[in-house]
Amino acid sequence: MSKVIGIDLGTTNSVCAYMDGGEPRVLINEEGQRVTPSVVGFSKSGERFVGDIAKRQMLINPEATIHSVKRFIGRRHREARDDIAKMSCSIVETRDGDIGFEVAERTYGAPEISAMILQKLKRSAEDFLGAAVTDAIITVPAHFTDRQRQATKDAGTIAGLNVVRIINEPTAAALAYLHERRRRATIAVYDFGGGTFDISVVDIDHDVGEVRATRGDNTLGGGDIDNLLVSWLLREVLDEHGIDLSTDKAARQRLRDAAERAKVELSAALETEIHLPFLTATPTGPKHLQRALSRAQFEAMAQPLFDRTLEECRRALADARLTIADIDEVVLVGGSSRIPRIKEMVRDFFERPLNQTFNPDEVVAVGAAIQAGILEGDVKAVTLLDVTSFSLGLEVEGRRMAKLIPKNTVIPAHRSQFVSTVIDNQKTVKVHVLQGESALANENVSLGEFELCGIAPAPRGAPRIEVRFVIDANGILNVGARDSRTGLVGNLTIRAPTGMSTDDLERARGEAIEHEQARARLDDVKEVRHQVERILVALEAMARDQAANLDRAGAHQLEHAIKRGRLALGTASERRPLEDLSAWLRQVQAHMSERLSNRNSSVH
Ligand code: ADP
Ligand code: MG
């Protein structure tokens with residue numbers, strides 16, 4: 001088995017880690033960074049970039065740049081309206097109600113965009129490790145639904161990664177803690193990232209950890225703080241210039257960028273300046289915006305969001321049937337946990353000092369790598385039991401939900417329930433699988449349904465049909481039904497709702513491979529171009545610095561070669577002609593060097 005890498009596929013940033021001799025290490029990407037922005041950008045010519053370059057292009061080409069794709073993965077268009085409104089790129093509803101990103105004259109599903117990020121991480125990992133990487137563990141927020149987990153797995157498949165396990169982000173953070181400490185403790189993992197907030201309570205006994213409870217809000221993150229600041233700046237522009245910029249996408253993007261920068265600065269400084277020259281123009285001239293923002297003002301604005309995180313903490317403790325006094329340590333995760341006010345609030349809430357030994361940006365990926373080490377057998381004696389974040393059940397008579405697997409059940413898990421017919425000689429039974437906490441079926445999320453047909457005629461209530469729920473270690477649910485008298489079976493893996501059929505997946509995977517090959521070819525061409533350029537620069541230097549040492553014929557020959565070389569470099573786009581050009585220029589270079597050395601020796 002090749003190396004299994006751990007991937008924290010974040011809303012804002014992604015991090016990749018691996019095990020090196022029993023110790024987790026964070027991988028360095030092609031740009032030399034430990035963190036890769038989860039941003040995909042497209043150029044006019046259809047070229048695409050992932051990471052830092054894409055993030056930079058967001059300002060100048062927001063329509064063709066996709067960020068926060070994790071907010072959309074595995075969700076339906078109608079469920080994500082609020083988030084869609086906040087995006088600069090064009091998002092459409094696909095025929096089956098899913099989300100489509102319209103860019104570079106094509107429509108991509110969220111798993112396809114996520115796959116582009118994964119593809120880059122995979123490539124970086126392969127470059128770094130010098131070996132092929134095929135297996136990965138990917139982390140997801142604890143509150144991700146079945147559909148979102150499945151869609152994340154699909155993204156891995158498209159990127160050519162065999163996703164051996166999906167684990168919850170807080171679980172990964174707890175694993176990192178467990179690996180380091182190996183002692184008895186109950187810890188709270190407070191993860192405040194760019195797009196989501198998660199809180200989990202984990203019991204650790206030396207080398208066994210158990211997630212007691214987990215809660216989260218996937219509409220609460222650093223991006224929402226940025227949005228608050230953007231709204232404030234929009235009001236300021238309206239007040240000062242009487243201009244409403246709320247529908248001006250380019251201006252909004254600049255405001256967002258400035259807002260985020262100001263926010264990050266305020267984690268270190270007590271005051272910051274937001275300076276946006278030429279934000280827009282009217283017939284009376286260009287309009288600028290300049291505002292000072294103090295940390296105190298910022299805190300006052302964002303306090304309602306901060307409070308919501310503590311509200312979730314309170315609920316998580318209640319779910320775990322614990323009090324604050326039971327928590328031994330708090331591990332902070334996610335970029336937004338760097339905000340001083342957050343640290344202060346969390347410390348006060350849990351009434352204890354914070355654990356700051358872990359890098360909040362990296363701890364989740366590190367935990368995923370440790371999980372990889374466990375699966376590979378490199379890391380021993382660490383077992384972490386994960387739990388379900390929602391209750392799962394069946395629709396039963398009276399449009400009610402019968403819970404088979406309650407929330408916070410340790411996974412993997414399986415439960416069965418017998419159902420029957422409600423009228424005499426009923427031939428089919430519908431199995432409707434639900435997720436959620438309400439007793440009423442229609443207040444919960446429908447995960448899917450199937451029918452068990454061909455039930456032998458019998459009085460109502462006589463057939464005994466066993467419905468079995470199985471949740472695997474990834475948190476993915478499989479539902480089977482079996483008529484115990486006839487042996488008739490029906491089955492449902494909750495995967496269809498991701499909107500990607502096996503055919504779709506295969507097509508997307510094929511395209512991803514094609515893109516990777518085209519990219520490799522392009523890289524080759526770029527490399528040869530670079531070689532040609534390098535020889536040309538050397539020849540140009542020769543023409544400039546050695547003019548006095550060359551005879552007229554030689555100088556003329558050199559000048560001519562440079563001109564021809566430049567012209568050819570400007571037009572050649574294929575590898576072969578560039579290679580020929582490179583060989584020819586190399587000959588010229590050798591010839592000229594010889595001429596020079598002959599001349600020098602004849603002068604002496
Ligand atoms: P995700 O898990 O969503 O990918 P991260 O954990 O990488 O996100 O956190 C990204 C968020 O953290 C962004 O909203 C970013 O603005 C914010 N952030 C990063 N550093 C700081 C900082 N020093 N102060 C405040 N916010 C920060
Ligand atoms: Mg994160």
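Start by selecting ligand 1 together with the 18 residues around it in this predicted model. The residues that come nearest are Thr-12, Gly-194, Glu-260, Lys-263 and Ser-267, so give those five a stick representation.

Next, show the polar neighbours of the ligand. Pick the side chain of Lys-263: one of its N or O atoms is 2.7 Å from an oxygen atom of ligand 1. Now move to the backbone of Thr-12, where an N or O atom lies 2.8 Å from a ligand oxygen. Beside it in the sequence, Thr-11 also offers a polar backbone atom, this one 3.2 Å from an oxygen of ligand 1. Put a surface on the ligand at this point: taken alone it exposes 570 Å², and the protein buries 87% of that.

Hide the ligand for a moment and look at the space it takes, which is the largest pocket. Colour helix H6 (222–241) and helix H7 (249–265), the elements that give two or more residues to the shell around ligand 1. Of these, H7 gives the most, with three residues. If you colour the shell by residue class, you will find two nonpolar, 13 polar and three charged residues.

Now zoom out and colour by domain: domain 1 (4–221 + 303–386), domain 2 (222–302), domain 3 (392–493) and domain 4 (502–603). Why does ligand 1 lie between domain 1 and domain 2? Both domains give residues to the shell around it, so the ligand lies between them.

For a last stop, select domain 2 and domain 3 and compare their positions: their C-alpha centres lie 52 Å apart.

Conventions. Residues are numbered from 1 along each chain as its sequence is written. Chains are lettered from A and ligands numbered from 1 in the order in which they are written. This is a predicted model: local features need pLDDT of at least 70, side-chain atom pairs count only at pLDDT 80 or more; totals for chains, interfaces and linings use all residues. Side-chain values use heavy atoms; hydrogens and water are left out. A residue is near a molecule or strand if one of its heavy atoms lies within 4 Å of it. A polar contact is a pair of N or O atoms within 3.5 Å; within protein, one must be able to donate a hydrogen and the other to accept it, and residues adjacent in sequence count only if both atoms are side-chain atoms. Accessible areas come from the Shrake-Rupley method with a 1.4 Å probe; for residues, only the protein chains shown count as cover. On a 1 Å grid over the protein atoms alone, a cavity is a set of points where a 1.4 Å probe fits but cannot get out, and a pocket is an open set with protein on both sides within 12 Å along at least five of seven lines; lining residues have an atom within 4 Å of a point. A molecule sits in a cavity or pocket if more than half of its atoms lie within 2 Å of its grid points. Helices (H or I, at least four residues) and strands (E, at least two) are DSSP runs, numbered from the N terminus. Ala, Val, Leu, Ile, Met, Phe, Trp, Tyr, Cys and Pro count as nonpolar, Asp, Glu, Lys and Arg as charged, and the others, Gly among them, as polar. Domain bounds come from an automatic or database domain assignment.
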